[in-house]
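Welcome, and thanks for taking a look at this fold with us. Have the model open beside you as you read the briefing below.

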Amino acid sequence: MRTTRTTERRAAVLGSPIAHSLSPVLHRAAYAELGLTHWSYDRFDVAEAQLPAFLTGLDPSWAGLSLTMPLKRAVIPLLDGISGTAASVEAVNTVVIDSDGRRTGDNTDIPGMLAALRERGVTAVESAAVLGAGATASSALAALSHICTGPVTAYVRSRARATEMRGWAEKLGVDVRTADWSEAADALGAPLVIATTPAGATDELADRVPERPGTLFDVLYDPWPTALAAAWSTRGGPVVGGLDLLVHQAVLQVELMTGRAPAPLDVMRKAGEQALGAHRG
């Protein structure tokens, strides 16, 4: 990792829309705890068409970028290289900018998922279910390729999505079976269920949670808890939430951008919880 400088260093999260992002709260909390008073972290609303000009305009003070939709794939042709993890899902959520201006893309969503699950004691499962088939679902498959020893069933809303998931599965070496969303309640009996759908999409499943559920990983953090997560907790099942994922992937970003490790996980989580509490209150 790079040595931290004493001159001004900048980082930011880019995407569109971006006003809702908790990334500034998490990264700034880390900088404060690490004593990085010369570091700043901002947010910029950047659409796909604006990204090339934004990158071209960065001065030598910039150390890194966090990326959200719709930039995770659009940025790849604009980089000098990407990690194997990012290449595996063709998605970059982190750009590290070296002192010579070289831009390298990485993906901390996948190891962030694994770290969030590991924190709850989930290190291996015999099978799993994925609800949804978007960009986060492909990251979920990549994470499952490390810990799932058996089949993964993906519940999707269209044949096109099913084809897409099977394509990712082949690339990632995961045994994936697809099923129609109308059968999504069947997913809830899996030892690990990863919900990657938008807010409200799984509400209809809340009253179908089994008596003794496995682990639920719901990637949403606002609103929280989702109806499914609340019902899951009521049944006594372990729940990993979107804030867990957000914090763990941000920890890795801080370490990559600043060269300081370990990043303060607990401090960052507390900052995120406080920010969400203030927003909901």
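A residue counts as buried under 20% relative accessible area, as exposed over 50%, and as partly exposed in between. With a relative accessible area of 39%, Glu90 is therefore partly exposed. Please keep in mind that this is a predicted model. The briefing takes in an open sheet of 6 strands with parallel pairing, another open sheet of 6 strands with mixed pairing, some helix contacts, and a few residues to look up on the way.

**The sheet with mixed pairing**

- Following the strands across this open sheet gives the order E2-E1-E3-E5-E6-E4.
- Its edges are strand E2 (39-45) and strand E4 (81-82), each of which pairs on one side only.
- Helix H1 (residues 23-34) packs on this sheet and touches E1, E2 and E3; the direction of H1 makes about 175° with that of E2.
- Inside the sheet, strand E1 (residues 9-15) and strand E3 (residues 62-67) are paired in the parallel sense, with 5 bridges between them.
- If you would like one pair to click on, Ala12 has Leu65 in E3 as its bridge partner.

**Ser66, a residue of strand E3**

- Is Ser66 buried or exposed? Its relative accessibility is 3%, so Ser66 counts as buried.
- Ser66 sits in strand E3, and its C-alpha atom is separated by 6.2 Å from that of Leu14, although the two positions lie 52 residues apart along the chain.
- Setting aside residues up to four places away in sequence, Ser66 touches Ala12, Val13, Leu14, His27, Tyr41, Asn93, Gln253 and Met257.

**The parallel sheet**

- Here the strands of the open sheet come in the order E9-E8-E7-E10-E11-E12.
- Strand E9 (176-180) and strand E12 (239-240) are the edge strands, and each pairs on one side only.
- Strand E8 (residues 152-156) pairs with E9 in the parallel sense over 5 bridges; for instance, Tyr155 has Ala179 in E9 as its bridge partner.
- Helix H7 (residues 227-234) lies across strand E7 (128-131), strand E10 (192-195), strand E11 (215-218) and E12. H7 runs at about 160° to E11.

**Helix H4 and helix H5**

- Helix H4 (residues 109-119) packs against helix H5 (residues 135-147) at an angle of about 60°, and their axes are 9 Å apart.
- H4 and H5 are therefore oblique to each other, and their crossing is right-handed.
- From H4, the contact takes in Asp109, Ile110, Met113, Leu114 and Leu117; from H5, Thr136, Ser139, Ala140, Ala142, Ala143, His146 and Ile147 take part.
- By class, the residues of this contact of H4 with H5 are 8 nonpolar, 3 polar and 1 charged.

**Helix H4 and helix H8**

- H4 also packs against helix H8 (residues 242-258), at an angle of about 120° and with the axes 8 Å apart.
- H4 and H8 are therefore oblique to each other, and H4 passes H8 in a right-handed crossing.
- Which residues make the contact? On the H4 side they are Asp109, Pro111, Gly112, Met113, Ala115, Ala116 and Glu119, and on the H8 side Asp244, Leu245, His248, Gln249 and Leu252.
- The contact of H4 with H8 is made up of 6 nonpolar, 3 polar and 3 charged residues.

**Asp244, a residue of helix H8**

- Asp244 has its place in helix H8, and at 10% relative accessibility it counts as buried.
- Apart from neighbours within four places in sequence, Asp244 is in contact with Ala116, Glu119, Arg120 and Arg269.

**Backbone features in the loops**

- The peptide bond from Ser16 to Pro17 is cis, with omega near 0°; Pro17 lies in the loop between E1 and H1.
- Ala261 and Pro262 are also joined by a cis peptide bond, with omega about 0°. You will find Pro262 in the loop between H8 and helix H9 (265-280).
- Glu90 is not a glycine, yet it has a positive phi of about 50°. Its place is the loop between helix H3 (84-89) and strand E5 (94-97).

Notes
Residues are numbered from 1 along each chain as its sequence is written. This is a predicted model: local features need pLDDT of at least 70, side-chain atom pairs count only at pLDDT 80 or more; totals for chains, interfaces and linings use all residues. Side-chain values use heavy atoms; hydrogens and water are left out. Two strands pair if DSSP finds at least two bridges between them. Helices (H or I, at least four residues) and strands (E, at least two) are DSSP runs, numbered from the N terminus. Contact means heavy atoms within 4.5 Å. Axes are lines fitted to C-alpha atoms, for helices over the stretch in contact, and angles run from 0 to 180 degrees between N-to-C directions. Angles under 35 degrees count as roughly parallel, over 145 as roughly antiparallel, 65 to 115 as roughly perpendicular and the rest as oblique. A crossing is left-handed if the near helix is turned anticlockwise from the far one by less than a right angle, and right-handed if clockwise. Ala, Val, Leu, Ile, Met, Phe, Trp, Tyr, Cys and Pro count as nonpolar, Asp, Glu, Lys and Arg as charged, and the others, Gly among them, as polar. Buried means under 20% relative accessible area, exposed over 50%, partly exposed in between (1.4 Å probe, protein chains only).
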